[in-house]
Amino acid sequence: MQSKFKIIWKGRSLGLFDIDEIRRQMRFGKFGDFHIVELEDGRRMNLKNFLEDLERGRLKPEAGREQSAAAQNATLNESIVAYSLCGLCFLHPALLIPLFAADTWLVTKRKYKLAALSALTGVAVCLAGIIFFRLLTADGI
(Lines give C-alpha, C1' and ligand atoms only; values in the text may rest on other atoms or scores of the structure.)
Protein backbone atom coordinates (compact mmCIF):
# COMPACT_ATOMS: atom_id res chain seq x y z
CA MET A 1 0.00 0.00 0.00
CA GLN A 2 1.38 3.38 -1.03
CA SER A 3 1.54 6.30 1.33
CA LYS A 4 -0.99 9.03 0.85
CA PHE A 5 -0.18 12.72 0.93
CA LYS A 6 -2.43 15.60 1.92
CA ILE A 7 -2.92 18.02 -0.98
CA ILE A 8 -3.89 21.62 -0.25
CA TRP A 9 -5.10 24.33 -2.61
CA LYS A 10 -5.77 27.89 -1.45
CA GLY A 11 -5.72 26.82 2.20
CA ARG A 12 -8.31 24.06 1.71
CA SER A 13 -7.48 20.38 1.98
CA LEU A 14 -8.42 18.41 -1.11
CA GLY A 15 -7.81 15.06 0.55
CA LEU A 16 -5.21 12.30 0.70
CA PHE A 17 -3.72 11.01 -2.56
CA ASP A 18 -1.07 8.45 -3.40
CA ILE A 19 1.79 9.35 -5.74
CA ASP A 20 0.24 7.67 -8.79
CA GLU A 21 -3.03 9.54 -8.27
CA ILE A 22 -1.16 12.85 -7.81
CA ARG A 23 0.69 12.32 -11.11
CA ARG A 24 -2.56 11.33 -12.84
CA GLN A 25 -4.34 14.45 -11.52
CA MET A 26 -1.45 16.60 -12.73
CA ARG A 27 -1.59 15.00 -16.19
CA PHE A 28 -5.31 15.81 -16.43
CA GLY A 29 -4.77 19.37 -15.18
CA LYS A 30 -6.65 18.97 -11.88
CA PHE A 31 -3.47 19.60 -9.85
CA GLY A 32 -0.82 22.15 -10.76
CA ASP A 33 2.75 22.93 -9.78
CA PHE A 34 1.59 25.27 -7.03
CA HIS A 35 -0.71 22.92 -5.17
CA ILE A 36 0.74 22.23 -1.72
CA VAL A 37 1.77 18.86 -0.30
CA GLU A 38 1.92 18.45 3.49
CA LEU A 39 4.55 16.01 4.75
CA GLU A 40 4.47 13.95 7.95
CA ASP A 41 6.70 16.37 9.82
CA GLY A 42 4.33 19.26 9.07
CA ARG A 43 6.49 20.81 6.35
CA ARG A 44 4.69 21.96 3.25
CA MET A 45 6.07 22.28 -0.25
CA ASN A 46 4.63 22.93 -3.67
CA LEU A 47 3.80 19.94 -5.82
CA LYS A 48 6.50 20.65 -8.40
CA ASN A 49 9.31 20.62 -5.80
CA PHE A 50 7.77 17.61 -4.07
CA LEU A 51 7.79 15.50 -7.24
CA GLU A 52 11.31 16.66 -8.14
CA ASP A 53 12.57 15.72 -4.68
CA LEU A 54 10.88 12.32 -4.95
CA GLU A 55 12.49 11.63 -8.32
CA ARG A 56 15.93 12.73 -7.09
CA GLY A 57 15.62 10.56 -3.98
CA ARG A 58 15.60 13.44 -1.49
CA LEU A 59 12.21 12.32 -0.17
CA LYS A 60 10.98 8.84 0.55
CA PRO A 61 7.44 7.95 -0.57
CA GLU A 62 6.65 6.58 2.89
CA ALA A 63 7.09 10.08 4.35
CA GLY A 64 3.37 10.73 3.82
CA ARG A 65 0.81 12.39 6.03
CA GLU A 66 -0.05 9.37 8.17
CA GLN A 67 1.88 9.99 11.37
CA SER A 68 3.21 7.12 13.37
CA ALA A 69 2.21 6.74 17.01
CA ALA A 70 5.81 7.53 18.02
CA ALA A 71 5.76 10.84 16.10
CA GLN A 72 2.44 11.84 17.65
CA ASN A 73 3.71 10.90 21.12
CA ALA A 74 6.89 12.97 20.61
CA THR A 75 4.80 16.00 19.64
CA LEU A 76 2.62 15.53 22.73
CA ASN A 77 5.71 15.29 24.97
CA GLU A 78 7.17 18.46 23.45
CA SER A 79 3.89 20.28 24.08
CA ILE A 80 3.76 19.10 27.69
CA VAL A 81 7.32 20.30 28.35
CA ALA A 82 6.74 23.66 26.66
CA TYR A 83 3.51 24.44 28.48
CA SER A 84 4.79 23.17 31.83
CA LEU A 85 7.62 25.67 31.54
CA CYS A 86 5.05 28.34 30.69
CA GLY A 87 3.17 27.59 33.90
CA LEU A 88 6.35 27.77 35.96
CA CYS A 89 7.07 31.25 34.59
CA PHE A 90 4.26 32.46 36.85
CA LEU A 91 6.53 31.87 39.85
CA HIS A 92 9.62 33.78 38.73
CA PRO A 93 10.69 35.68 35.58
CA ALA A 94 14.06 33.88 35.56
CA LEU A 95 12.18 30.74 34.51
CA LEU A 96 11.72 32.34 31.10
CA ILE A 97 15.34 31.36 30.35
CA PRO A 98 14.73 27.59 30.22
CA LEU A 99 11.47 28.24 28.37
CA PHE A 100 13.26 30.20 25.65
CA ALA A 101 15.94 27.49 25.50
CA ALA A 102 13.21 24.90 24.95
CA ASP A 103 11.60 27.13 22.31
CA THR A 104 14.95 27.42 20.52
CA TRP A 105 15.17 23.64 20.49
CA LEU A 106 11.63 23.43 19.08
CA VAL A 107 12.58 25.83 16.29
CA THR A 108 15.51 23.58 15.34
CA LYS A 109 12.96 20.74 15.05
CA ARG A 110 10.78 22.96 12.79
CA LYS A 111 7.98 23.21 15.34
CA TYR A 112 7.59 26.93 14.75
CA LYS A 113 3.96 27.24 15.83
CA LEU A 114 4.49 25.43 19.14
CA ALA A 115 7.64 27.47 19.85
CA ALA A 116 5.89 30.78 19.16
CA LEU A 117 2.79 29.88 21.17
CA SER A 118 4.76 28.68 24.17
CA ALA A 119 7.02 31.77 24.12
CA LEU A 120 4.05 34.13 24.01
CA THR A 121 2.15 32.15 26.63
CA GLY A 122 5.22 32.08 28.88
CA VAL A 123 5.64 35.86 28.69
CA ALA A 124 1.93 36.43 29.37
CA VAL A 125 1.96 34.03 32.34
CA CYS A 126 5.15 35.63 33.67
CA LEU A 127 3.57 39.10 33.52
CA ALA A 128 0.47 37.75 35.25
CA GLY A 129 2.70 36.32 38.01
CA ILE A 130 4.52 39.62 38.46
CA ILE A 131 1.22 41.50 38.77
CA PHE A 132 -0.22 38.88 41.11
CA PHE A 133 2.74 38.91 43.49
CA ARG A 134 2.96 42.71 43.49
CA LEU A 135 -0.71 42.94 44.41
CA LEU A 136 -0.24 40.23 47.03
CA THR A 137 2.65 42.03 48.70
CA ALA A 138 1.10 45.51 48.31
CA ASP A 139 -1.90 44.53 50.42
CA GLY A 140 0.33 43.33 53.23
CA ILE A 141 -1.05 39.80 53.13
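In this predicted model, Gln25 makes contact with Lys30 and Phe31 once its neighbours within four places in sequence are set aside. The residue belongs to helix α1, which covers residues 19–27. With a relative accessible area of 15%, Gln25 counts as buried, because the cut-off for that label is anything under 20%.

The strands come next. There are 4 of them in an open sheet, lined up in the order β2-β1-β3-β4, and the pairing is antiparallel. The edges are taken by β2 (12–17) and β4 (44–46), each of which pairs on one side only. On average, and with direction ignored, neighbouring strands of the sheet are turned by 30° against each other. Helix α2, made of residues 47–56, packs on this sheet and touches β1, β3 and β4. The direction of helix α2 makes about 95° with that of β4.

Strand β1 can be followed on both of its sides. On one of them, β1 (residues 5–9) and β3 (residues 36–38) pair in the antiparallel sense over 3 bridges. Here Lys6 has Glu38 of β3 as its bridge partner. The pairing of β1 with β2 is antiparallel too, and it runs over 5 bridges. In that pairing, Phe5 sits opposite Phe17 of β2. β1 and β2 also make up a hairpin, with 2 residues between the strands. Lys10 in this hairpin takes a positive phi, near 55°. As a general point, side chains in a regular strand alternate between the two faces of the sheet.

Further along the chain, Asp103 is found in helix α4, which spans residues 96–108. What does this acidic side chain have around it? Not counting residues up to four places away in sequence, Asp103 touches Ala115, Ser118 and Ala119. Asp103 is buried, yet it has no salt bridge. The nearest side chain of opposite charge is that of Lys111, and it is 12 Å away. A salt bridge calls for a side-chain nitrogen of Lys or Arg within 4 Å of a carboxyl oxygen, so Lys111 is out of range.

The cysteines tell a short story: the structure holds 0 disulfides. Why is Cys89 not bonded to Cys126? The sulfur of Cys89 has its closest cysteine sulfur in Cys126, but the two are 5.9 Å apart, which is too far for a bond. A disulfide would need the pair of sulfur atoms within 2.5 Å. Seen from the other end, Cys126 is in no disulfide either, and the nearest cysteine sulfur to its own is that of Cys89. Both residues are tucked away from the surface: Cys89 is buried with a relative accessible area of 0%, and Cys126 counts as buried at 4% relative accessibility.

Val125 belongs to helix α5, which takes in residues 112–138. Is this valine buried or partly exposed? At a relative accessible area of 21%, Val125 is partly exposed, because the buried label stops short of 20%. Along the chain, Val125 and Cys89 are 36 residues apart, but 6.2 Å separates their C-alpha atoms. Cys89 is also among the contacts of Val125, together with Cys86, Gly87 and Phe90, when neighbours within four places in sequence are left aside.

Technical notes: Residues are numbered from 1 along each chain as its sequence is written. This is a predicted model: local features need pLDDT of at least 70, side-chain atom pairs count only at pLDDT 80 or more; totals for chains, interfaces and linings use all residues. Side-chain values use heavy atoms; hydrogens and water are left out. Buried means under 20% relative accessible area, exposed over 50%, partly exposed in between (1.4 Å probe, protein chains only). Contact means heavy atoms within 4.5 Å. Lys and Arg count as positive and Asp and Glu as negative; His and the chain ends are not counted. Two strands pair if DSSP finds at least two bridges between them. Axes are lines fitted to C-alpha atoms, for helices over the stretch in contact, and angles run from 0 to 180 degrees between N-to-C directions.
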